[in-house]
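Reader: I'm new to this one. Could you show me the structure and walk me through some of the terms?

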Amino acid sequence: MLEKALQGNKAYWGWIFTLLVAIGIGFGFYVVQLQQGLGVTGLNRDVSWGLYIGQLTYMVGIAASAVMLVLPYYLHNYKAFGKLVIFGEFLAVSAVIVCLLFVVVDLGQPQRLMNVVLHPTPNSVLFWDMVVLNGYLFLNIIIGWAVLHAVKKGVRPASWLKILIYVSIPWAVSIHTVTAFLYAGLPGRYFWHDSLLAASFLTGAFAAGPALLLLILMIVQKVSDLKIPKEAIQTLTKIITYAWAINLFMLLLKIFSAYYSQYPAKMATFDYLFGGVGGEQMMPWMWNFVFLSVVSLVLLVIPSTRNNPITMTIALVMVVFAGWIDKGLSLVIGGFIPNPFKVHTEYWPTIPEFFITVGVYAVGLLILTILYKVALAVQRENAS
Amino acid sequence: MAINRRTFLKAAGLTTLAGVAGHAAMELLAPGALEAARPESVGRFPEELTAKRWAMLIDTKKFTTVQTYQRSIDACHVLHNVPHIPGDQEIKWLWTDSFKHVFPDQQHELVPDAIKNQPFLALCNHCDNPPCVRVCPTKATFKRDDGIVMMDMHRCIGCRYCMAGCPYGARSFNFWDPRPFIANIDPYYPTRMIGVVEKCTFCEDRLARGQIPACVEVSEGAMIFGDLDNQDSEVRRVLRERYSLRRKPSLGTKPHVFYLI
């Protein structure tokens, strides 16, 4: 079926070429990083994870959000999602590949990557993150590809597929839960040491993921013959609204327990992020996050703005961006500031780091484009 | 017997899976049981110093200025080829910091000036319950039976999870190739490579040759090293007589570096 990705108009090939250029530039900078070391990044002794691991965290959420389509469709037989489920699954595939690539580019010794498999370490959450991420990748590749084959042949999907689909539902929850455990299980990192972290990861993901999917599908709708059912849009935006509201509520819970208790270690990172204590690098981003979160929530809660295509699109963009500031930026960086000595060392990505990040995202977009191209072609053939 | 490709792949896949899962299960049920126990005969010197539980005491009354500490820091860094990299991507095994940074939970407004301005040594605490060992995905960081938390720099993939896990900021990462930053390379200790984590090892290389840690040796009695499990050892005697602090006891990591007050 892959050959269907080789047919396209000028705009399609222009897009593919743009992505290849971005991948090339990113790869060039990665070669520099490989030769000179992670010294070319803005990372340091105190902030030892940064942009790369932040993107891993954010994209795990995007991957997990596919379950917001799979679950209603397969468990509740919600037909309006029928044509969209495959796009959710393929978004998950590319998102997980992006996650794994971000782990690889973050390693100091990437050629030793297989040590994680050769010396399985069940006491390390990173080992389990590797297991669940790869498992979810294969589940979605197999499910997506097999369903598409069935559509192409005009037959019902095989029954063994049903089992995999049911497995994929809790598995989606597990990838973001285990990723949250990477952080939540560390002593002395008070910003992360929080039993709510996995739950707030999931609610943030179930808002930002479907929001990103809807935005991508609206673009796909413009450049192809895909028709997103109106009912599907309405249901998805409601899911986004509830998930986003719960996510922001959980943030307020954290702020309450930190500030009402006046527990210094719990307040320290919030002081830094929102108050600029010890460095103001993150403060403008955080207040943008607050602005985007509140405005998008208002736009989503009011039915007339939620159902108006323009205000809805604005709200979705805001949710995606706010979610990115939250997980892609502030969560990981903030967790390291202040450091164990209560010293504030700041971090900001460098140019190589930025372009490597763009390159990895371009790989994800390339895979997404090819998968979507195949899915659209198969669905079109089937319809005619 | 002919074996076709499909059968071979099936068998190969299953044995790999069984191997990985079996190993993982064993680790879960009996942690450390599969770890290579140190062979009694291979590579051990007869003069090796051994203990059930190594511990270090730092007498903060004898160490009051950076100068008094400097000899120990230099001994450590020179002997272990610790590079001098300027800036926040530096490598540190043994260093000094102020009271409020080393003991952030102990400091208050009325700490006497003498203590407030006094530097304190910081190093890996060789915890009994080390978070860095727990989080390491490749067992590159592991704890020996005698309590020394070790680094296998050939195993380390440079994920830096241990740096996030350590609540004492005791770990450094080789952001750069360390070799150009070493003034005089000591041929008796390996230099490290780019992209791996490193830290203080309680001089396990010296213990194996019957010597106490370098920092202790040059400290003129301001540091004491010994077996905490031995009732008659000097460390136990001094801990009985003097009041001591450990860093961040509330985290439950049980550090084995004690600061005599």
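Author: Gladly! Over all chains there are 35 aromatic pairs. This is a predicted model, where local features need pLDDT of at least 70, side-chain atom pairs count only at pLDDT 80 or more, and totals for chains, interfaces and linings use all residues. Residues are numbered from 1 along each chain as its sequence is written, chains are lettered from A and ligands numbered from 1 in the order in which they are written, and side-chain values use heavy atoms, with hydrogens and water left out.

Reader: Why is the pair W93(B) and Y189(B) called edge-to-face?

Author: Rings of Phe, Tyr and Trp (its six-membered ring) pair if their centres lie within 6.5 Å; planes under 30 degrees apart count as stacked, over 60 as edge-to-face and the rest as tilted. Here the centres are 6.3 Å apart and the planes stand at 80°, so W93(B) and Y189(B) are edge-to-face.

Reader: What makes this pair a link between distant parts of the chain?

Author: W93(B) and Y189(B) are 96 residues apart, with W93(B) in the loop between α2 and β2 of chain B and Y189(B) in the loop between β6 and β7. Helices (H or I, at least four residues) and strands (E, at least two) are DSSP runs, numbered from the N terminus.

Reader: How do the residues divide where α11(A) meets α13(A)?

Author: Contact means heavy atoms within 4.5 Å. The residues of this contact divide into 17 nonpolar, five polar and one charged. Ala, Val, Leu, Ile, Met, Phe, Trp, Tyr, Cys and Pro count as nonpolar, Asp, Glu, Lys and Arg as charged, and the others, Gly among them, as polar. Among the residues of α11(A) in the contact are W285(A) and F289(A), and D326(A) is one of those in α13(A).
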